[in-house]
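Good morning, and thank you for coming. I would ask you to look at the structure on the screen while I speak.

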Amino acid sequence: MKKFKPKKRLEAKEYIEGVLKGDRVILSRAITVVESNLTSDKVLAKDIIQAILPHAGNSIRIGITGVPGVGKSTFIEAFGKVLIELGHTVAILSIDPSSQRSKGSILGDKTRMEELSNNPKAYIRPSASGETLGGVANKTGETMLLCEASGYDVILIETVGVGQSETAVHGMTDFFLLLMLSGAGDELQGIKKGIMEMADMLVINKADGDNIRQSELAKRQYTNALHIFPKSASGWEPVVSTASAIKNIGIAEVWQRIEAFKALVDENGYFQKNRKEQQIEWMYTNIHEELKQLFYGSQEIKDELKLLEAAIVNSKISPVKAAEKMIDTFKRSL
Ligand code: GDP
């Protein structure tokens with residue numbers, strides 16, 4: 001692996017002040033610290049996050065997902081512009097699970113959201129790659145907090161609707177938006193039922209030209225399909241709409257729906273309740289990850305696992321007994 005020399009770090013205080021002042025250069029550098037795997041950076045990141053935490057949270061967090069080609073970046077470009085016109089500031093964080101396996105990126109290869117990236121009211125940042133899902137969730141989560149502390153009041157977290165990252169994004173957002181296409185079966189779109197179940201809103205994109213009628217039909221079908229799902233804990237009934245990101249049709253309506261959602265969940269207490277539960281869940285996810293690493297990272301465990309695998313295959317030990325033995329070894333090693 002290529003060794004790289006990290007850019008000179010600032011003092012924690014400089015990051016904190018810069019972020020809180022809304023200094024974009026410092027914000028970017030703070031995110032780099034949060035994304036870093038260097039031990040010294042991890043210490044610095046903890047100090048920064050701890051200090052900015054009381055200033056974070058003042059935003060609406062929106063997850064946006066959909067398969068490659070559905071029009072996510074075109075939609076976000078149009079949506080972001082609507083938000084900015086309404087006086088909002090928008091941070092866009094993109095999670096691309098494909099780049100984790102360094103097989104090239106689904107999201108990042110082309111110039112995306114060109115206009116927004118030149119707008120001072122928008123901040124666009126691809127999320128860290130080359131990480132486990134848990135690692136990405138942590139880094140995206142902390143990046144989100146930094147953006148909020150820097151004054152962005154709408155956070156869009158974009159992910160490709162084909163992997164497991166949707167669950168992670170759902171776990172850190174207030175509203176979950178699924179972009180779909182008409183005229184393509186769910187299987188074709190690679191959208192799992194579980195993802196549809198998480199959605200607060202389905203937007204059928206590319207409802208333009210010859211596609212308008214098909215899109216209206218799809219809207220009716222999905223509206224019916226959504227009725228089958230159990231009612232959401234938020235009390236919100238998921239909605240389906242059509243849009244054309246490229247023609248800027250139906251985009252403002254998406255925001256109106258999100259505002260209606262926000263009013264409802266503020267009123268019934270779900271918004272704060274959900275945020276608190278997400279925080280707790282975030283802690284448990286980390287505990288599970290750390291424990292897993294502690295266990296599977298140990299050479300002693302690795303060696304014994306190999307032996308036990310062979311013993312299981314040869315019917316020398318039962319899987320349950322083997323697991324018990326492994327846990328005993330782990331406990332002794334602590
Ligand atoms: P992503 O991979 O989900 O980010 O999709 P893109 O935003 O890159 O869009 C994929 C392709 O669909 C591009 O060629 C876009 O120009 C096109 N596209 C996006 N939105 C629309 C739309 O509303 N209508 C039509 N006709 N094409 C669109």
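I begin with Glu253, which is partly exposed, its relative accessible area being 29%. Please bear in mind throughout that this model is predicted. The residue counts as partly exposed because 29% falls between the limits of 20% for buried and 50% for exposed. Which residue does Glu253 form a salt bridge with? The partner is Arg257, and the closest N and O atoms of the pair are 3.4 Å apart. Arg257 is likewise partly exposed, with a relative accessible area of 29%. Both Glu253 and Arg257 belong to helix α12, which covers residues 251–267, and they sit 4 residues apart, about one turn of the helix. In an α-helix there are 3.6 residues a turn, so residues three or four places apart point the same way.

Helix α12 also holds Lys262 and Asp266, again 4 residues apart, or about one turn of the helix. These two residues form a salt bridge, with 2.7 Å between the closest N and O atoms. Lys262 is partly exposed at a relative accessible area of 23%, and Asp266 is partly exposed at 42% relative accessibility.

Let me turn to another salt bridge. Glu148 pairs with Arg61, and their closest N and O atoms are 2.7 Å apart. This pair links distant parts of the chain: Glu148 lies in helix α7 (residues 133–149), Arg61 lies in strand β1 (residues 60–66), and 87 residues separate them. Are these two residues buried or exposed? Both Glu148 and Arg61 are buried. In total, the count for the model comes to 10 salt bridges.

My next topic is helix α15, residues 319–333. Its 15 residues, at 1.5 Å a residue, should span 21 Å, and its end C-alpha atoms are indeed 21 Å apart, which agrees. Which residues of α15 are buried? They are Ala322, Met326, Thr329 and Phe330. Viewed down the axis of α15, these buried residues fall within an arc of 100 degrees, so they line one face of the helix. Among the elements that cover the buried residues of α15 are α13 (270–296) and α14 (299–313). On the face of α15 turned away from the buried side, we find the exposed residues Val320, Lys331 and Arg332.

I now come to the ligand. How many residues are around the ligand? There are 16, and of these Gly69, Lys72, Thr74, Asp208 and Ala245 come nearest. Several contacts of the ligand's oxygen atoms can be described individually. With Gly71, the contact is to the backbone: a polar backbone atom of Gly71 is 3.0 Å from an oxygen atom of the ligand. With Ser73, the contact is to the side chain, where an N or O atom is 3.0 Å from an oxygen atom of the ligand. The side chain of Asn205 also contributes an N or O atom, at 3.2 Å from an oxygen atom of the ligand.

Finally, I draw your attention to Met180, which is found in strand β5, residues 175–181. Met180 counts as buried because its relative accessibility is 0%, below the cut-off of 20%. Met180 and Lys219 are 39 residues apart in sequence, and their C-alpha atoms are 9.9 Å apart in space.

That concludes my presentation, and I would be glad to take your questions.

Terms used
Residues are numbered from 1 along each chain as its sequence is written. This is a predicted model: local features need pLDDT of at least 70, side-chain atom pairs count only at pLDDT 80 or more; totals for chains, interfaces and linings use all residues. Side-chain values use heavy atoms; hydrogens and water are left out. A salt bridge is a side-chain nitrogen of Lys or Arg within 4 Å of a carboxyl oxygen of Asp or Glu. Helices (H or I, at least four residues) and strands (E, at least two) are DSSP runs, numbered from the N terminus. Buried means under 20% relative accessible area, exposed over 50%, partly exposed in between (1.4 Å probe, protein chains only). The expected span of a helix is 1.5 Å times one less than its number of residues. The arc is that of the directions from the helix axis to the C-beta atoms. Contact means heavy atoms within 4.5 Å. A residue is near a molecule or strand if one of its heavy atoms lies within 4 Å of it. A polar contact is a pair of N or O atoms within 3.5 Å; within protein, one must be able to donate a hydrogen and the other to accept it, and residues adjacent in sequence count only if both atoms are side-chain atoms.
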